[in-house]
Amino acid sequence: MLTVHPSIVLGSYLWDEERLPRDEFDIRMATIRNAIAERGWSGAIVYGDAREHAALAFFSNFIPRMRWAMALFPAKGEPRLLASMSSRDMPAMRTMTWLPDVKSGWEWRWFDEWIETLPADGTIGAIGLDLMTPLLFGSVSRSIKGRFKIEEADELLHAARRVHRPRELALVQEAACTTRTAERALVAAWRDGADIERAALGGERAARAVAAQDVRTLVSRDGGLTLQPYAARFEDRPKNLLAYVAVKHLGYWCESFVAPDAPPKLRAASDAALDALIAAMRPGASAARAASQAQAALGAYQPHPALSGRFGRRIGLSLDEGETISAQSTGVIAPGIAYALHAGAVEGGAGCISSAIVVVRERGCDIMHRSGAED
Amino acid sequence: MKKERIAAAVAWLEQEKLDGLIAFNDGQNSFLDSNAVYVFSGVRPIGRSAAVIGRDGSSTLIVEPAWDGERARALSFNDRTIACDDLVAGLSEALARHGLSERALAVVALAKQSRALDRAVRGLLAQEPRSADTLASHLARIRNAEELACVKKAVWIAERGYERLMAVARPGMREFELAADIYAFMKDLGAEDNFLLMSASQHNLAVRAAGRRVLQEGDIILGEITPCHQGQFVQICRTTVLGPAAPVLAEKYALLQAAMRRGMDAAVPGATMGEVTEAMNDVFRAAGYGDYCRPPYMRVRGHGLGVTSDRPGDLVDDSQVKLEEGMVFVMHPNQYIPETGYLMCGETVVISHNGAISLSDADASLDVLSL
């Protein structure tokens, strides 16, 4: 779900070598090393910003708290990370990545210096180039000055991340634990009489208190028909609670919809659709067929408009890693992938959404988190 | 109230002989940059968005995703709001409706969007648009009365947040626990966003986001407390000692306070940001810290506060930006000093006809928490 992006990702975050040891990154980096060797690249650039940084985080563990960052991998020699922060901030930035050389991106000489180390007249592979602003791309282009060609290589990320690695799935599972903490606190605040925004804030506070890196919430002010971001109005306490909470833990997301007191028939329909969806999430199954089975289980209920006709997608380093599950999907469900699934409906002035985080296995889905399990 | 920004944009279009403008935002918020769509619509979008303004004064807001339409329509002061799942398609529809697809246009903050969106937008336009990336920032540089009221409320929230920090900080607590507490406390008071940096050390190199460090007796807690209330960011910078403070801390902190006073005295309408910066730096130079008046020992001596307008920009010695009555920015002579580490002292100020006025009830002092 889209939520208001904060001005800074302020939660606790650094490179945790016990959870993501250096050898994990050696394995991940094989994709880039192989591309450099096979395609004869002089080096590779991996770009990310505060909003979308899956590629950058996958290869470097670095997640920009604000603005952008670039990992620079030469064919030979030490890699460098440029972060768009002041040189004053570099000691703090160095704690967030395994890359040994972290420099301020505000001093462009560090990019130029890296370029100078590369064998001339070659090609530089680039991942995430389309996310760059034209201004930044202009700086890159000027530095390259026709000496290097750029080969856009986003497909490398897709190849490297065809399935989630075991350590990634373990971190999604940990994010699920924090999400449960948030969900419980949110429902408890609601039960204690809080308005919808203060209830959501109760959930956010609980997640941040156990070192969540980021927390996003949406609330329904109208009993579940629509979702809106926090606006500090503190005046809405609709009959039914519907809220959304997403928690990031060590770079990995989990999310849940919270609807503990939705009208029973609506809740039953949403749960039935989610059950049908989970049952359909088999390796090799058509994503469109999974969506149609969930749709069929909703029966005559109108699908919840906040879901935009979608029943799920991949989740991990991004809240939305693509591979959407909808009637229009052309892909197939693959094992070893964490998916965020959701199904919901509206009727009679109320709405409900049920959700789950699952990992598809050959034998069926492992459920990491399911909304409402502890209502 | 904010329709005045549409009127100002129309006046600019007439002056520049342009037929319309398109302002962009990608859903990211920066406390150091204007959100051009917010300035021209009153809406902080959650996804990609654009605001189209014609020289006839008509305007349309386009937001992603479609399900955010109800909120956007309720907040927008534009004539029309299009909520959709494809910004480029929505923008195409809006341009056609305004009759602007083939006209002379300006684009605001398109250069700050992704290359992919830049390409797609240019594909919609018959003529090369004129870049006017700082227009929103310029037109919104003076806070109106409604915005100034929100600024004052935000400063009130920041000060309450700092009181909370002093009430709950204790040895044994982790930085992130303290940050979570005061962040949620300020959000409960109305801060929808917060650029909160808060960290501690016995010798800080800079302030940073809270980590897992356990607070200890003798730690110096740095707080860059930056709540946003109704689209208005403010900032106060504070330094707090857990337990008794060494005399040298008080002695050096007094330098920051003196620099703050010199900056306040210098910040009068017509003065340049560079002159204000130099007035502050003079205090450090006189004390023998001239070599430390540069990164990485400090960043800037203050700066504008984004979402609405980041003007007057950074307080740096080469800024020629002139202060105007009604400008709001933070002034903070934060400084690394070898004997003490990094220290922080700063207030949000508004420029009046008499000079700078701190909006804080209690300006920064070196606070010591008894254990």
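Reader: Which side chain does E64(B) meet in a polar contact, and how far apart are they?
Author: In this predicted model, the side chain of E64(B) is joined to that of R48(B) by a polar contact of 3.0 Å.

Reader: And is E64(B) buried or exposed?
Author: E64(B) counts as buried, because its relative accessibility is 9% and the cut-off for buried is under 20%.

Reader: Where in chain B does E64(B) sit, and what does it touch?
Author: E64(B) is in the loop that runs between strand 3 (59-63) and helix 3 (69-75) of chain B. Leaving aside residues up to four places away in sequence, E64(B) touches I46(B), G47(B) and R48(B), and also C84(B), D85(B), D86(B) and L87(B).

Reader: What about the peptide bond from E64(B) to P65(B), cis or trans?
Author: That bond, from E64(B) to P65(B), is cis, and its omega is near -5 degrees. P65(B) lies in the loop between strand 3 and helix 3 of chain B. A cis peptide bond also joins R311(B) and P312(B), with omega at about 15 degrees, and P312(B) is placed in the loop between strand 13 (302-304) and strand 14 (328-331) of chain B.

Reader: Switching to the backbone of chain A, what is the phi of A232(A)?
Author: A232(A) has a positive phi of about 55 degrees, although this residue is not a glycine. A232(A) belongs to the loop between strand 7 (214-219) and strand 8 (243-249) of chain A, and it counts as buried because its relative accessibility is 14%.

Reader: OK, and E323(A), what is its phi and where is it?
Author: E323(A), which is not a glycine either, has a positive phi of about 55 degrees, and it is found in the loop between strand 11 (310-314) and strand 12 (325-326) of chain A. With a relative accessibility of 41%, E323(A) counts as partly exposed.

Reader: Now the two chains together: how many residues does each give to the contact?
Author: Chain A gives 55 residues to the contact and chain B gives 54 residues. The area buried between chain A and chain B is about 4400 Å², and carbon and sulfur atoms account for 59% of that area. On the chain A side, S7(A), L10(A) and R88(A) supply 17% of the area that chain A buries against chain B, which is more than any other three residues supply.

Reader: How many salt bridges are there between chain A and chain B?
Author: The count between chain A and chain B is 5 salt bridges. One of them pairs R198(A) with D188(B), where the closest N and O atoms are 2.5 Å apart.

Reader: Which helices of chain A supply at least two residues each to the side that touches chain B?
Author: They are helix 3 (90-93), helix 5 (134-144) and helix 8 (196-209) of chain A. Helix 8 of chain A gives the most to that side, with 6 residues. By class, the side of chain A that touches chain B has 31 nonpolar, 11 polar and 13 charged residues.

Reader: Last topic, then: how many aromatic pairs are there over all chains?
Author: The count comes to 13 aromatic pairs over all chains. The rings of Y230(A) and F234(A) have planes at 70 degrees and centres 6.0 Å apart, so this pair is edge-to-face. Both Y230(A) and F234(A) are buried.

Reader: And which residues form the aromatic cluster in chain B?
Author: Y289(B), Y292(B), Y297(B) and Y336(B) together form one aromatic cluster.

Methods. Residues numbered from 1 in each chain as written. Chains lettered and ligands numbered in written order. Predicted model: local features only at pLDDT ≥ 70, side-chain atom pairs only at ≥ 80, totals over all residues. Heavy atoms only, no water. Contact = heavy atoms within 4.5 Å. Buried area = accessible area lost by both parts, 1.4 Å probe. Salt bridge = Lys/Arg side-chain N within 4 Å of Asp/Glu carboxyl O. Helix = DSSP H or I, 4+ residues; strand = E, 2+ residues; numbered from the N terminus. Nonpolar A, V, L, I, M, F, W, Y, C, P; charged D, E, K, R; others polar. Phe/Tyr/Trp six-rings, centres within 6.5 Å; stacked < 30°, edge-to-face > 60°. Buried < 20%, exposed > 50% of the residue type's maximum accessible area, 1.4 Å probe, protein only. Polar contact = N/O pair within 3.5 Å; in protein donor to acceptor, adjacent residues only side chain to side chain.
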